[in-house]
Each structure stands twice: as C-alpha cells, then as structure tokens.
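Subject: The model we talked about

Hi,

Here is the structure I promised to send over. Have a look at it first, then read my notes below with the viewer open.

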Amino acid sequence: MIQFLQTLFDHLPLWGPRLLPAMGNTALITLASFGLALGLAIVFELLRSLRITLLLRPIALALEILRSVPILAVLYLIYFGLPGVGITLSPFASGTIGLGVVYSAYLAEVLRAGIGAMHKGQREAALAVGMTPLMAFRFVILPQAVRTMLAPLLVSLISLMKDSSICALIAVTELMLEARLIMSEYFLPMHIFVLVGLIYFAIAWPMSLFAGYLERRLNHGRRAGAPARKKAVWHRIALRTAAE
Amino acid sequence: MGLGGYITQFLFPLLIAAKVTVQVSLGAFMFAIATGLILATFRYLLPIALIRLPIAVFVEIFRNVPSLTHLFIIYFGLAYVGIRFGSISSAIIALGLIGGATLTDVFRAGFEAVHAGQREAALAVGMTPRLAFREIILPQTWRVTLPPIGNYAVQLVKDTSLVAAIAAPEVMFTARNLVVTTFETSIIYAFAAGVYLLLCLPLSRFAKTLEQRMAIPR
C-alpha cells in the first residue's frame, strides 16, 4: 500500500501535466454535449406539446430507440459509420453529437416530468387572469417546473460526465484515453486507473451531493409530511413519471 | 453484395455474439441483485455507523466513477497486482459491482417507502425486527423497486457494450472485428445497434408495463 502510493506520487509530476488538458477536454465535451442534449430535448418537448398526432408516434419511437441503443454503438456509427456515406467528423465532434443525441432522450423525459407534471389548472388559471400562453409559461409554469427539474438535470449532467469516458474508444483525447496511453507507456495500470477514478470521483461526488441537497431543498414544500428523500437517483425520475 | 449477403455475413455473427452479451448481462444482473439486496438489508437491519459507512463508501465510489474506469481497474489493474480475471468474468464483476451500488440505493428507497407504521405494527404484535423485515417490509417493497430494477436491466444490457474495450467477444467487439476485415462500417454498426435494439426494446417495454402496473394509485 505504502509502495503503491509512493509510486503514484513519484509519477504524479509526469502524469499531471498530461492529465490536466485531458480533464479540460472531458469538461468541454461534457458541457458541449449537455448543451446539445438540452437543446434537442427542448425541441422534442415542444414538438410533443404541439400534439400533432402525426408527429407524436415518430417522436416517441425515436426517443425509445435512442434509449435502447448503447452510447458506444451510436458513437461508432457516427465516427466510423458516417464516413462510409461521405460525412467525416472529427472525434470530438462525433463524441459531442453522439452523447448529445443519446442524452436528449433522457433530458426530454426530465423535461416532461417537470413541465408535464404540472397540474393543468395552473395554466388555465394563468390564462383566466388574462396572461398570454407565453406569459403563463414564463411566469407560472417554468418557475415551478425548474424546481422539480433542477436536481434530475444535475444528475443527468453527472452521468453524462461519466459517459464521456466512452469517447476514449473513438479517440477523443479525454481523461480515459490519456490514462490508457499513460498505461501503455509506464505499465502501471493500477496506479493510473485508480488516479483517474479518483479524479472522476472528485468531480462527480460533490455534484451528486449537491443534487441530493437541491432535491431535498427544492421539493421541501411539496412533500410536507413525506419522509425526507435523501438522494437524487435516476430511478426517482422514473418513479415520478410513472406516478403521473 | 445484396441484403441477403449482408445478413448472412454480418448479422449472423453479431447475433451469435449477442449470446455473450446476454451471458454478461445475466451474470452481472444476478450479481447486482444479490449485492444490492444484501447491502440494503444490512443497512436497514443494522442502523449503526460501522455498517452504514462502508456501504455508503461502496455505493458512492461505484456510482460516481465511470464504468469504463472500473472495468479497466479490474481487468488491467488487478492483473498487474497478480489477480487475473478473463475478460468476461472481469466484465461480470465490474458491471455487477456497479449495478450492486445502484440497486442498493433502489432497495433502500424501497424499504423507506414502506410506511413506518407497518413495521411498528409488526413489532407491536410481537414480531422480531428480522421477522418483520422478511414478512412485512420486504414483500411490500417490490412494488416500488421492480420498475427501477427493470430500467436498470435495460441500462445494463447497453453498458455491456463497454466490455468491447477489454476484448470480450460480445456484439460491439465482434462488430469491430468484422469492420477490420470488410470495411463495411455503416452497415455493420447499424446492424450492431439493431441487435441491441432487439435486446433492449422488449426489455424496456416490459419495464414500462411493470411501471404502469405497479404505480401506486394516488
């Protein structure tokens, strides 16, 4: 154990300067794909809220397919498959698009749980007092929806950050790929992967603690009397949608 | 090459490889259910810091680090310290432990969802805490835990694709090998995605049905 830490600390000055830019790339691809996913999810939800019968089923099917295909398959399809039909994208662009498209399906679900969960009386009341539909959305629906959505959105961001490691397999030079390169140079797999695991943990853990705090705090008024919920996890989102 | 040629040359090997995907999924699923149920039960029956803290540490570590990192630690890292697992067993162990952490949380939420009065009533009629747990609490938790377990199963089948990175001969890995020999990238990866769709769609439909059936009416 002591020896393990000794070796780890000995190599830290060598590895640190390489891991830092890789961390930057991880952050960049995470944020870029989260932005893309959120944008796509909003489009999906807007299309769904238009209630055009012709569109509802294709959208539902598309979301279901996106939720049923592994991220790796999507990334390979974009990075290796698209050049076959004449579209060549850089690893970074492929990773961002792949993660963004896959996560849009999850975020659409979060948005629906947040906005769709609202009692329709809220909107009707807002319209009845003379607000335009846009105002009703802006001043009545959205502020309440944000409460329910903030924690699940943060949880999605965390799992997106973790899944960005999959981009290592299509040669995006993020944390995981850099770790593999270092592994094959120094032959210290245990050291480097434990170190990288710690780095991911150091980023993800505070975020998930914060998500848990947010969920407890923002849902406080709603769940008066219910036992305090301790942590935001994916299945709660599923439960919430199931309850609608 | 026509569609028939594509199917015999690409789809069949992928479907055969799906056997490994299913094998890894089932192995990891059972591992995860056992781990999750045992840890959550311990946590519930023995509410002392000595038990809770290690369980919390386990859960947080496995939930906040990417699956790929755990996979590499178990496959490459443990081999380095002399514990050697094959790629399929590494996959089952890594995914099983990650799933165990997820399901510990799921079961905990399930136990907490049972009204405290149930337990108090059971204790009041003279049941021991353990008996109350087994006969009163546990049977009632399935209603809350089964839907998330279904969602977890879908997630798990998809996550087995990561195992390609440690050369287990499952669908994604086989797809890559086919690509290396034939260069038909788009067709092969589309077929691979199709195989996962074939596995996951019925599973997620089933999970959805469970969710609707088990929903607690308000």
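Let's start with a helix: what should the 27 residues of helix α4 (residues 87-113) of chain B span at 1.5 Å a residue, and how far apart are its end C-alpha atoms? The expected span is 39 Å, and the end C-alpha atoms of α4(B) are 38 Å apart, so the two agree. One thing to keep in mind as you read on: this is a predicted model.

While you are looking at α4(B), check its surroundings. Of its 27 residues, 22 are buried, so α4(B) is largely enclosed by the rest of the structure.

**Both chains at a glance**

Chain A has 9 helices and 0 strands, so to speak a plain run of α-α-α-α-α-α-α-α-α along the sequence. Chain B comes to 8 helices and 0 strands, and its elements read α-α-α-α-α-α-α-α from the N terminus on. In chain A, 40% of the 244 residues are buried; in chain B, the buried share is 46% of 218 residues. The C-alpha trace of chain B spans about 75 × 45 × 20 Å along its principal axes.

Now for contacts within each chain, counting those between residues at least 6 apart in sequence. In chain A, 74% of these join residues at least 24 apart. In chain B, the figure is 78%.

**A helix with a kink**

Next, find helix α8 (residues 189-218) of chain A. Its 30 residues should span 44 Å at 1.5 Å a residue, and its end C-alpha atoms are 42 Å apart, which agrees. Where is the kink in α8(A) centred? Go to A:Phe201, where the bend is about 25°.

Some residues of α8(A) are buried, including A:Ile192, A:Phe193, A:Val196, A:Tyr200, A:Ala204, A:Ser208, A:Ala211 and A:Glu215. Look at the spacing of those numbers with this in mind: an α-helix has 3.6 residues a turn, so residues three or four places apart point the same way. What do the buried residues of α8(A) pack against? In chain A they meet α1 (2-49), α6 (133-163) and α7 (175-186), and α3 (67-80) of chain B joins in too.

**Where the chains touch**

That brings us to the contact between the two chains. It takes 41 residues from chain A and 42 residues from chain B. On the chain A side, α2 (53-68), α3 (71-81), α7, α8 and α9 (234-243) each supply at least two residues. The largest share of that side comes from α8(A), with 11 residues. Sorted by class, the side of chain A that touches chain B has 30 nonpolar, 7 polar and 4 charged residues.

For a single residue to zoom in on, try B:Ala190, which lies in helix α8 (residues 185-214) of chain B. Is B:Ala190 buried or partly exposed? With 18 C-beta neighbours inside 10 Å, B:Ala190 counts as partly exposed, because being buried takes 20 or more. Setting aside its neighbours within four places in sequence, B:Ala190 is in contact with A:Leu77 and A:Gly81. Along its own chain, B:Ala190 is 23 residues from B:Arg213, and their C-alpha atoms are separated by 34 Å.

**Two helices crossing in chain B**

Have a look at helix α1 (residues 3-45) and helix α2 (residues 49-63) of chain B as well. Their axes come within 9 Å and cross at roughly 145°, and the crossing is left-handed. B:Leu39, B:Phe42 and B:Arg43 in α1(B) meet B:Ile51, B:Arg52 and B:Ile55 in α2(B). By class, the residues of this contact are 4 nonpolar, no polar and 2 charged.

**Two odd backbone angles**

Most residues other than glycine have a negative phi. A:Phe187, though not a glycine, has a positive phi of about 55°. A:Phe187 sits in the loop between α7 and α8 of chain A and is exposed, with 11 other C-beta atoms within 10 Å.

Chain B has such a residue too: phi of B:Ala167 is near 65°, a positive value in a residue other than glycine. Look for B:Ala167 in the loop between α6 (129-159) and α7 (171-182) of chain B. B:Ala167 is partly exposed, with 14 other C-beta atoms within 10 Å.

Enjoy exploring!

Key. Residues are numbered from 1 along each chain as its sequence is written. Chains are lettered from A and ligands numbered from 1 in the order in which they are written. This is a predicted model: local features need pLDDT of at least 70, side-chain atom pairs count only at pLDDT 80 or more; totals for chains, interfaces and linings use all residues. Helices (H or I, at least four residues) and strands (E, at least two) are DSSP runs, numbered from the N terminus. The expected span of a helix is 1.5 Å times one less than its number of residues. The bend at a residue is the angle between axes fitted to the seven residues ending there and the seven starting there. A residue is buried if 20 or more other C-beta atoms lie within 10 Å of its own, exposed if 12 or fewer, and partly exposed in between; C-beta atoms are placed from the backbone. Two residues are in contact if their C-beta atoms, placed from the backbone, lie within 7 Å. Ala, Val, Leu, Ile, Met, Phe, Trp, Tyr, Cys and Pro count as nonpolar, Asp, Glu, Lys and Arg as charged, and the others, Gly among them, as polar. Axes are lines fitted to C-alpha atoms, for helices over the stretch in contact, and angles run from 0 to 180 degrees between N-to-C directions. A crossing is left-handed if the near helix is turned anticlockwise from the far one by less than a right angle, and right-handed if clockwise.
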